[in-house]
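Reader: I have just opened this one and would like to get my bearings. Could you take me through it, beginning with any side chain you like?

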Amino acid sequence: MTDDRGEGLEKRRAQLGAELATKRVEAGKEEAVEASAEASRKGYAEAMKLSSEFISAIVVGAVLGYLLDRFVGTAPWGMIVLLLLGFCAGVLNVLRAAGKVAKPDPGERENGGK
């Protein structure tokens with residue numbers, strides 16, 4: 001009688017071990033999918049940040065140029081120049097945020113670049 005019980009328990013243990021192994025594999029796949037989705041979300045957030053920085057620099061340049069033209073009377077030159085400066089500032093901000101251009105070091109600025 002104890003042999004039947006021992007064999008039954010051993011069979012159940014092996015069956016539960018197999019089920020547990022399949023659950024672990026499924027959980028590993030779900031974790032991999034979640035990690036991939038997280039990386040995708042981070043990339044999307046970074047793209048939105050970079051594009052908004054670029055567009056805002058251009059808009060600020062255009063608005064300042066328009067205001068300069070309205071108050072000083074230098075139409076269209078103030079807007080053209082400040083729009084181009086805004087574009088350049090936007091490109092520089094995007095390159096800095098992406099890590100392609102080093103950020104200026106405050107220590108170098110105080111020492112005159114030496």
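**Two rings and their surroundings**

Author: Let me begin with Phe54, which at 24% relative accessibility counts as partly exposed. Please keep in mind throughout that this is a predicted model.

Reader: Why does Phe54 count as partly exposed and not as buried?

Author: The reason is the cut-off: buried means under 20% relative accessible area and exposed means over 50%, so Phe54, at 24%, falls in between.

Reader: OK, and how many aromatic pairs are there?

Author: The count comes to one aromatic pair. Its members are Phe54 and Phe87, whose ring centres lie 5.5 Å apart, with 70° between the planes, and this makes the pair edge-to-face. The pair links distant parts of the chain, since Phe54 sits in helix H1 and Phe87 in helix H2, with their positions 33 residues apart.

Reader: Why give both a distance and an angle for a pair of rings?

Author: A pair of aromatic rings is described by the distance of the centres and also by the angle of the planes, so both values are given.

Reader: And Phe87, is that one buried or partly exposed?

Author: Phe87 is partly exposed as well, because its relative accessible area is 41%, between the 20% and 50% cut-offs.

Reader: Let me step back a bit. Which helices and strands does the protein have?

Author: The protein has three helices and zero strands, so reading from the N terminus the order of elements is simply α-α-α. Helix H1 covers residues 2-72 and helix H2 covers 77-98, while helix H3 takes in residues 106-110.

Reader: How confident is the predictor, and which element has the lowest mean pLDDT?

Author: Over the protein the average pLDDT is 85, and 89% of the residues score at least 70. Among the elements, helix H3 has the lowest mean, 69, whereas helix H2 has the highest, 93.

Reader: What share of the residues is buried?

Author: Buried residues account for 8% of the 114 residues in the protein. The accessible surface comes to about 9500 Å², and 64% of that belongs to carbon and sulfur atoms.

Reader: Which residues form a nonpolar patch on that surface?

Author: The patch is made up of Ile55, Val59, Val60, Val63, Leu64, Tyr66, Leu67, Leu68, Phe71, Val72, Met79 and Leu83, which together have about 1100 Å² of accessible area. Helices H1 and H2 each supply at least two of its residues, and the largest share, 10 residues, comes from H1.

Reader: Could you pick out a couple of those, and say where Leu68 lies?

Author: Leu68 lies in helix H1 and is partly exposed, with a relative accessible area of 37%. Leu67 is also found in helix H1, and its relative accessible area of 36% makes Leu67 partly exposed too. Across the patch, the C-alpha atoms of Leu67 and Met79 are 8.2 Å apart, although 12 residues separate them along the chain.

Reader: Changing topic to charges: how many salt bridges are there?

Author: The count comes to three salt bridges. In general, side chains of opposite charge can pair when their charged atoms come close. One of the bridges joins the side chains of Glu10 and Arg13, at 2.6 Å from N to O. Both residues lie in helix H1, three residues apart, which is about one turn of the helix.

Reader: Are Glu10 and Arg13 exposed or partly exposed?

Author: Glu10 counts as partly exposed because its relative accessibility is 43%, whereas Arg13, at 53%, counts as exposed, the cut-off for exposed being over 50%.

Reader: And which residues form a salt bridge with Arg41?

Author: Arg41 forms a salt bridge with Glu34, where the closest N and O atoms are 3.1 Å apart. The side chain of Arg41 also meets that of Glu38, at 3.5 Å from N to O. Because Arg41 and Glu38 are three residues apart in helix H1, about one helical turn separates them. These salt bridges share partners and thereby join Glu34, Glu38 and Arg41 into one network.

Reader: How accessible are the members of that network?

Author: Arg41 counts as partly exposed at 45% relative accessibility, Glu34 is partly exposed with 45%, and Glu38 counts as partly exposed at 37%.

Methods. Residues numbered from 1 in each chain as written. Predicted model: local features only at pLDDT ≥ 70, side-chain atom pairs only at ≥ 80, totals over all residues. Heavy atoms only, no water. Helix = DSSP H or I, 4+ residues; strand = E, 2+ residues; numbered from the N terminus. Buried < 20%, exposed > 50% of the residue type's maximum accessible area, 1.4 Å probe, protein only. Areas by Shrake-Rupley, 256 points an atom, 1.4 Å probe, with all protein chains shown as cover. Patch = residues over 30% accessible without salt bridge, like charges linked within 9 Å, V, L, I, M, F, W, Y side chains within 5 Å. Salt bridge = Lys/Arg side-chain N within 4 Å of Asp/Glu carboxyl O. pLDDT = per-residue confidence, 0-100. Phe/Tyr/Trp six-rings, centres within 6.5 Å; stacked < 30°, edge-to-face > 60°.
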